[in-house]
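This report describes one protein chain for a reader who is new to structures. Please look at the model first, then read on.

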Amino acid sequence: MIDYFAGLMIELLRCLEGITQSYGLAIVVFAVLIKLVLYYPTKQQYQSMQDMQKIQPEIQRLQELYKDDQATLQQKQMELFRDHKINPMAGCLPMLIQMPILFAIWRAIMMDQRLFENSYFMWIHPGPLQAWFPDYLASSLAGRDLPMILFYGLTMYLSQRLTPSQGANSGQQRQMAIFMTLMFSWMMWAYNWPCALILYWSIFSLLTIIQQVMIMRGSESSQLSGTSVPTTAG
């Protein structure tokens, strides 16, 4: 099934390359299209995380109050979710939609790397810099490129830091963001992932950051508009 969807995505990339005349631009457009498809599920996911974060003090209070009575604790938590109109599964369900798509994209690019051997984008092309640092700079989108990996690591770290935490303090969230960033960046370098794939994930991650900022600003605007300003009767 994954291979079938991967084949469809490769054909879509070929069509986009026919329009843009560049596989680099085709990957950028492809990432934008996938983000548009996943925009609403992702929005629901982050909004659910924000809602869960807001009621964390109440959840912790219930956990302390009913720590010896798990049945009552679960009942009280469900009542809390119902009172605040929160679906605790809303933050998880969108991942069930996103993960097959992301795996299919990974499979599509990894199984047809020859497609990108003569494809270039921005600094990724044969030249003096690539000749001086062949182990660190890619000469095509099929190669491994250190600046692209570092760019992806930065976008991933920022996205992790912007994700609302659910129960973990800011220190734990920062440590997790650093760990996940280092782990994925190391995998990309150690296993020679083509920068065509890293370019897609970098653009997708950058668009996710933009969406996260939009959601946070929208939430702040809603809170401000819901705050009444007292007036003095004359």
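## A chain of helices

Directly after helix H1 comes Gln21, which has a positive phi, near 60 degrees. The model is predicted: local features need pLDDT of at least 70, side-chain atom pairs count only at pLDDT 80 or more, and totals for chains, interfaces and linings use all residues. Residues are numbered from 1 along each chain as its sequence is written, and side-chain values use heavy atoms, with hydrogens and water left out.

The chain contains ten helices and zero strands. Helices (H or I, at least four residues) and strands (E, at least two) are DSSP runs, numbered from the N terminus. Of the 234 residues in the chain, 37% are buried. Buried means under 20% relative accessible area, exposed over 50%, and partly exposed in between, with a 1.4 Å probe and protein chains only.

Helix H1 has 19 residues, which at 1.5 Å a residue should span 27 Å; the end C-alpha atoms are 26 Å apart, so the two values agree. The expected span is 1.5 Å times one less than the number of residues. Two sets of residues in H1 are listed here.

| Set in H1 | Residues |
|---|---|
| Buried | Ala6, Met9, Ile10, Leu13, Leu16 |
| Exposed, on the face turned away from the buried side | Tyr4, Cys15, Ile19 |

The buried residues of H1 cover an arc of only 125 degrees around the axis, which puts them on the same side of H1. The arc is that of the directions from the helix axis to the C-beta atoms.

The largest nonpolar core has 39 residues, and those touching the most other members are Ile27, Phe30, Ile34, Ile105, Phe116, Leu141 and Tyr200. Such a core is a set of buried Ala, Val, Leu, Ile, Met, Phe, Trp, Tyr and Cys residues joined through side-chain atoms within 4.5 Å. H1, H2, H6, H8 and H10 each give two or more residues to this core, and H10 gives the largest share, nine residues. Beyond its neighbours within four places in sequence, Tyr200 is in contact (heavy atoms within 4.5 Å) with Ile27, Phe30, Ala31, Ile34, Leu102 and Ile105. A second, separate core has eight residues, including Ile55, Ile59, Leu73 and Ile86.
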